Amino acid sequence: MSVAKQFTGDERGRYVRAAQRLRLPFWDWAKLPLETADSFLRVFADQEVLVSTPTGRANITNPLKSYVFRPNEDHSFMNANETARRPNFAVSGILQLRADLWAALSSAQTYPDFSTEARLDGASKGTKSLNPSNLEAIHDHVHVLVGGHMSVVSQAAFDLIFWLHHTNVDRILAIYQAVYTDEWVSQSVEAASSMLYTSGTVTDGNTSLQPFRSRAKSGFWTSNALRSTRALNYTYEGLGEENVTSVINGLHTAGTSVAGPDHEVLGGLAKKTDEVHCSMLRLDDGQAAGPQIKLTKHFASFQLDAGALNGSFTIFLSAGTSTRPTPRSGGRVEA
Ligand SMILES: N[C@@H](CC1=CC(=O)C(=O)C=C1)C(=O)O
């Protein structure tokens with residue numbers, strides 16, 4: 001806002017209004033980039049960007065490319081003084097994310113199954129069926145695909161791409177909610193210990209989400225208080241549509257077709273609004289607008305300790321001959 005107010009003439013009003021409406025932008029990693037086949041979007045990769053400043057157009061160092069650590073910040077990871085990523089964001093990864101996301105959104109899962117991979121632990125104890133198409137796992141995959149600082153929990157948020165990624169996760173959750181209006185956080189037992197709860201703690205929609213304080217009496221936000229993004233005064237494009245399933249089918253069909261030119265790769269700003277209408281159709285009620293697609297998915301399930309290697313890892317599984325190089329020891333194995 002302070003920068004917006006430095007503009008003069010007509011531009012001042014325009015930038016002040018924009019600053020008032022500004023919310024975090026999202027990066028829709030499930031859309032194929034239009035501009036280049038096998039790399040990060042230019043907005044993340046270019047060294048410099050041309051921006052309007054109160055004193056005219058100027059090239060500045062691109063803040064979305066990397067974050068330069070300040071002297072008092074611990075940048076011992078990779079011994080780098082700025083954040084780094086893998087050289088490109090492979091199209092094969094995008095296709096996988098796209099298919100997984102579409103499967104997760106269209107498979108009519110309960111909220112706990114859709115939202116977290118912790119339920120997979122429950123499955124091992126015979127309490128729940130196994131469904132690997134969940135948002136947390138898809139989200140993890142993006143962290144690993146981006147690589148570098150983004151693949152390490154304690155470092156990830158230094159890279160600004162983290163915030164655009166997480167806004168997209170928030171948007172996907174909002175899309176799920178718009179379709180599955182009756183589904184929500186239910187009582188569950190924490191599978192693993194975290195900063196706040198030891199494993200075995202029972203949590204539900206009224207559990208406080210520390211450290212996120214709210215002005216309400218409880219002192220902290222709860223899932224129930226945040227059931228609608230309206231509580232925080234924002235929404236996403238398409239969620240006010242009569243039929244949000246057509247939005248899903250339009251954006252994330254299981255096929256491999258490239259998104260049309262009308263699809264912005266870097267999504268629009270989340271809009272500020274006071275009114276959102278969410279009377280949506282279920283994908284499975286036969287009224288969905290999209291084409292009927294029959295999918296066969298093959299799942300391989302592994303049980304392992306996610307913290308075993310003290311960081312992210314990837315398991316490559318190949319049917320037939322692997323086209324992947326053998327992972328180096330100490331290199332990437334996959335998650
Ligand atoms: N599989 C990784 C992915 C990852 C998730 C994150 O949330 C993160 O911040 C960084 C990396 C992990 O859980 O360690």
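**Exposure, core and ligand shell in a predicted model**

Biologist: What is the relative accessible area of Met-78?

Modeller: In this predicted model, Met-78 sits in the loop between strand 2 and helix 3. Partly exposed covers the range between under 20% and over 50%. Met-78 is classed as partly exposed because its relative accessible area is 44%.

Biologist: Is its neighbour Asn-79 buried or exposed?

Modeller: Asn-79 also belongs to the loop between strand 2 and helix 3. Its phi is positive, about 50°, although Asn-79 is not a glycine. The cut-off for exposed is over 50%. At 69% relative accessibility, Asn-79 is therefore exposed.

Biologist: How far apart are the end C-alpha atoms of helix 3?

Modeller: Helix 3 covers residues 91-106, which is 16 residues. The expected span is 1.5 Å times one less than the number of residues, so helix 3 should span 22 Å. The model agrees with that, as the end C-alpha atoms are separated by 22 Å.

Biologist: Which helix supplies the largest share of the largest nonpolar core?

Modeller: That core holds 39 residues, and Trp-27, Trp-29, Phe-44, Phe-89, Phe-114 and Val-146 touch the most other members. At least two residues each come from helix 3, helix 4 (111-115), helix 6 (135-146) and helix 7 (161-179). The largest share, 11 residues, is that of helix 7.

Biologist: How much of the ligand does the protein bury?

Modeller: The ligand is surrounded by 10 residues, the closest being His-139, Asp-140, His-143, Met-150 and Ser-312. Taken alone, the ligand exposes 350 Å², and the share of this buried by the protein is 80%.

Biologist: What distance separates a polar side-chain atom of His-139 from an oxygen atom of the ligand?

Modeller: By class, the shell around the ligand consists of five nonpolar, four polar and one charged residues. His-139 is among the closest residues. One of its polar side-chain atoms lies from a ligand oxygen atom at a distance of 3.5 Å.

Biologist: How far is the C-alpha atom of Thr-55 from that of His-143?

Modeller: Thr-55 lies in the loop between strand 1 (48-53) and strand 2 (56-61), and is exposed, with a relative accessible area of 80%. His-143 is one of the closest residues to the ligand. Thr-55 and His-143 are 88 residues apart along the chain, and their C-alpha atoms are separated by 37 Å.

Biologist: Which two residues does a cis peptide bond join?

Modeller: Pro-211 is located in strand 5 (residues 208-213). Omega is about 5° for the cis bond, which joins Gln-210 and Pro-211.

Key:
Residues are numbered from 1 along each chain as its sequence is written. This is a predicted model: local features need pLDDT of at least 70, side-chain atom pairs count only at pLDDT 80 or more; totals for chains, interfaces and linings use all residues. Side-chain values use heavy atoms; hydrogens and water are left out. A residue is near a molecule or strand if one of its heavy atoms lies within 4 Å of it. A polar contact is a pair of N or O atoms within 3.5 Å; within protein, one must be able to donate a hydrogen and the other to accept it, and residues adjacent in sequence count only if both atoms are side-chain atoms. Accessible areas come from the Shrake-Rupley method with a 1.4 Å probe; for residues, only the protein chains shown count as cover. Ala, Val, Leu, Ile, Met, Phe, Trp, Tyr, Cys and Pro count as nonpolar, Asp, Glu, Lys and Arg as charged, and the others, Gly among them, as polar. Helices (H or I, at least four residues) and strands (E, at least two) are DSSP runs, numbered from the N terminus. Buried means under 20% relative accessible area, exposed over 50%, partly exposed in between (1.4 Å probe, protein chains only). A nonpolar core is a set of buried Ala, Val, Leu, Ile, Met, Phe, Trp, Tyr and Cys residues joined through side-chain atoms within 4.5 Å.
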